[in-house]
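Grab the structure below and a pencil. Try each task yourself before you read the solution.

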Amino acid sequence: MSFLKIENLSYAMGDFKLDNVNFSVHEGEYFVLLGQSGSGKTMLLESIAGFHDVEGKINFGNLDISKLAPEKRDVGFVYQDFALFPNLNVRDNITFSSRYKQIGDERETLDDLSEFLGLTALLDRRITNLSGGERQRVAIARALFSKPKILLLDEPLSAIDPTFRNSIMKFLKQMHRKYNLTTIHVTHNFREASYLADRIAIVMNGQIKQVGNTDEVLNHPVNIEVAEFLGFKNIFPTSLLGEENNKQFSVDPNAIYLSKDKLTCDYMFEGKLEECMGIVDHYKVYVRVGKYQFFAKVFQREYQGCYADRGEGIYVGFNKKDVSYL
Amino acid sequence: MRNWFIYGLASLSCIILLFLSLPLFRMIFGSDIKTLWDTLWQEDVLASIYLTMKVSFFAVCFVVLTGLPLAFLIARHNFFGKSFVEALIDIPTMIPHTAAGIALLLVFGRGVVADFFESFGIRFMDAEPGIMVAMMFLSSTYLINGAKEGFNKVDVKLEKVARTLGANPLQVFLRISIPNARKDIINGALMMWGRGLGEFGAVVIFVYHPMVAPVLIYDRFTSYGLKHSAPVAAIMIIISIFVFLSVRFVNNRLK
């Protein structure tokens with residue numbers, strides 16, 4: 001049975017609307033809501049936390065919590081900018097919930113969290129004197145201290161220096177393993193989603209477009225809209241492959257072969273080179289085949305002189321195994 | 001090039017600073033210490049200063065209790081008539097104080113409202129509650145607007161997170177919203193209190209007796225002349241500056 005089940009959730013604010021959202025999260029799962037800025041991810045997360053008066057159901061087990069006040073929902077929330085209380089020091093921020101909830105083993109919980117998150121030496125500091133990474137750990141400790149049933153993370157890595165993102169992603173994974181806490185993580189970053197998520201939901205324009213296992217969602221988008229959002233290139237009709245099923249397919253730019261001579265691929269087309277752009281360690285090559293433009297990435301180490309001058313003929317090829325049907 | 005601009009700004013600033021400070025210094029240093037000391041211990045002077053401070057303080061307390069919720073409502077919510085409410089808060093600062101005194105006289109001096117409070121033994125005409133009402137009417141704007149500014153500066157996300165940590169709306173208001181807006185609230189309260197200390201126009205119409213310090217200064221000036229009124233004014237200014245600077249200092253030290 002689902003741990004958290006969202007059924008027909010709708011909420012409108014100004015011109016924007018969360019529209020009939022449905023998905024479920026399993027116990028102990030790391031679930032990522034992946035979408036562009038303005039797609040409604042944060043609003044959805046806030047709706048689960050109880051900050052919006054929504055239509056529809058939010059079920060925790062058998063209990064519909066959609067009408068409960070936020071303080072009665074047992075959720076932990078970490079905002080993008082961490083929202084630490086400036087009037088309280090690190091210790092008081094972390095233990096804030098102990099005044100209002102039965103925590104149990106407060107001292108032990110604080111010691112355990114402080115040690116795991118490396119905050120022991122910072123407990124008496126004012127939060128204004130903390131770095132971005134330290135603030136994030138305090139915000140996570142504060143949420144975990146309250147012993148929530150579910151942890152909601154709103155773009156937790158976007159305010160972090162890019163140099164530290166990998167280590168913090170690793171830390172989030174460790175944290176999830178250690179506390180086995182059901183987590184919903186909102187992000188627009190595919191790498192974060194790919195590394196952290198057990199399952200992913202794609203959010204676009206206030207709607208859930210696809211839900212599934214990480215591999216399935218990231219590699220097999222259900223439609224062109226999702227494929228384009230996920231950065232799929234070379235989306236063409238299957239008629240180009242000689243098939244008559246009115247579908248679309250996509251080919252990874254890294255799986256496309258280019259040559260001045262004929263190729264021995266499953267599919268091969270003759271086209272004209274339109275652009276060849278050198279980007280650090282690879283080239284981006286654009287080839288026109290009839291009314292379609294193919295995009296290929298070629299590593300510099302594999303590059304053996306220009307395949308052709310702009311406007312000259314060039315062969316484009318790829319194999320069946322690299323074709324993704326949409 | 002930068003220097004002449006800075007000097008120009010500084011010269012013009014000096015003119016206004018001189019204008020603001022000269023009367024105060026003249027008042028404070030115009031009387032000798034012995035006269036000030038003797039005046040301070042005159043019974044009616046001491047009583048009027050104490051009364052002014054006390055009533056002004058109570059007025060601030062009352063507006064803290066009723067004005068902070070209003071300021072929070074305005075800062076956090078959109079509701080029908082919000083602009084009207086905001087205008088209503090600002091209006092008292094724009095009308096002549098004597099006109100405000102007459103308006104208060106008509107409401108709290110006679111009629112239904114006056115009778116209602118009279119039934120609980122509360123009288124406004126020529127009584128301390130009347131002074132408090134006059135002070136509140138003309139100076140609550142400073143506290144309410146100050147608090148509104150303060151609440152606007154508090155990130156709503158702090159309040160939301162506090163709710164997820166188990167605090168109900170009242171607990172969030174008391175533990176997060178007010179403490180994080182306290183600088184503006186204290187500044188607003190200070191402005192209101194200071195403005196209340198100097199309230200004369202409305203008070204003199206509504207409550208001549210018991211005399212607050214500004215009325216006493218006026219009374220002495222019209223009855224005995226400058227020599228007897230100036231020391232009272234000087235003492236009032238010194239006490240006000242002292243309290244004002246002390247609270248500001250403490251407020252600025254708050255982190």
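What follows is a set of short exercises, each with a worked solution.

This is a predicted model, where local features need pLDDT of at least 70, side-chain atom pairs count only at pLDDT 80 or more, and totals for chains, interfaces and linings use all residues. Residues are numbered from 1 along each chain as its sequence is written, while chains are lettered from A and ligands numbered from 1 in the order in which they are written.

**Exercise 1: Chain A as a whole**

Describe the make-up and the domains of chain A.

*Solution.* Start with the secondary structure: chain A has 8 helices and 18 strands (DSSP runs numbered from the N terminus, H or I of at least four residues for helices, E of at least two for strands). Next, the extent: its C-alpha atoms fill a box of roughly 75 × 45 × 35 Å along the principal axes. Then split the chain. The domain assignment (automatic or from a database) gives domain 1 as 4-229 and domain 2 as 236-325, and the C-alpha centres of the two lie 40 Å apart. Last, burial: of the 326 residues in chain A, 37% are buried, meaning that 20 or more other C-beta atoms lie within 10 Å of a residue's own C-beta atom, placed from the backbone (12 or fewer is exposed, in between is partly exposed).

**Exercise 2: The cores**

Which residues touch the most other members of the largest nonpolar core?

*Solution.* First, the term: a nonpolar core is a set of buried Ala, Val, Leu, Ile, Met, Phe, Trp, Tyr and Cys residues joined through C-beta atoms within 7 Å. The largest one has 72 residues, and L33(A) and L152(A) touch the most other members. Helix α4 (residues 132-145) of chain A supplies the largest share, 7 residues. Now look around L152(A): leaving out residues up to four places away in sequence, its contacts (C-beta atoms within 7 Å) include L45(A), I48(A), V75(A), F77(A) and I184(A). A second, separate core holds 53 residues, including I89(B), A100(B), L143(B) and M211(B).

**Exercise 3: An open sheet**

Work out the strand order of the open 5-stranded sheet in chain A, and find its edges.

*Solution.* Trace the pairings (at least two DSSP bridges between two strands). Begin with β13(A), which pairs with β17 (residues 313-318) of chain A in the antiparallel sense over 3 bridges; Y257(A) stands opposite G317(A) there. Then take β14 (residues 267-279) and β15 (residues 282-289) of chain A, which run antiparallel over 7 bridges, with L273(A) partnering V287(A). Their hairpin has 2 residues between the strands, and V280(A) in the turn has a positive phi of about 50°. From β15(A), 8 bridges lead on to antiparallel β16(A), and G290(A) in that hairpin's turn has a positive phi of about 60°. The full order is β13-β17-β14-β15-β16. β13 (257-259) and β16 (292-299) of chain A each have a single partner strand, so one side of each has no neighbour in the sheet. Neighbouring strands are turned by 40° on average, direction ignored (axes are lines fitted to C-alpha atoms, for helices over the stretch in contact, with angles from 0 to 180 degrees between N-to-C directions).

**Exercise 4: A helix check**

What span should the 28 residues of helix α13 (residues 226-253) of chain B have?

*Solution.* Multiply 1.5 Å by one less than the number of residues. That gives 40 Å for α13(B), and its end C-alpha atoms are 40 Å apart, which agrees. Its buried residues include A230(B), V232(B), I235(B) and M236(B).

Conventions: Contact = placed C-beta atoms within 7 Å.
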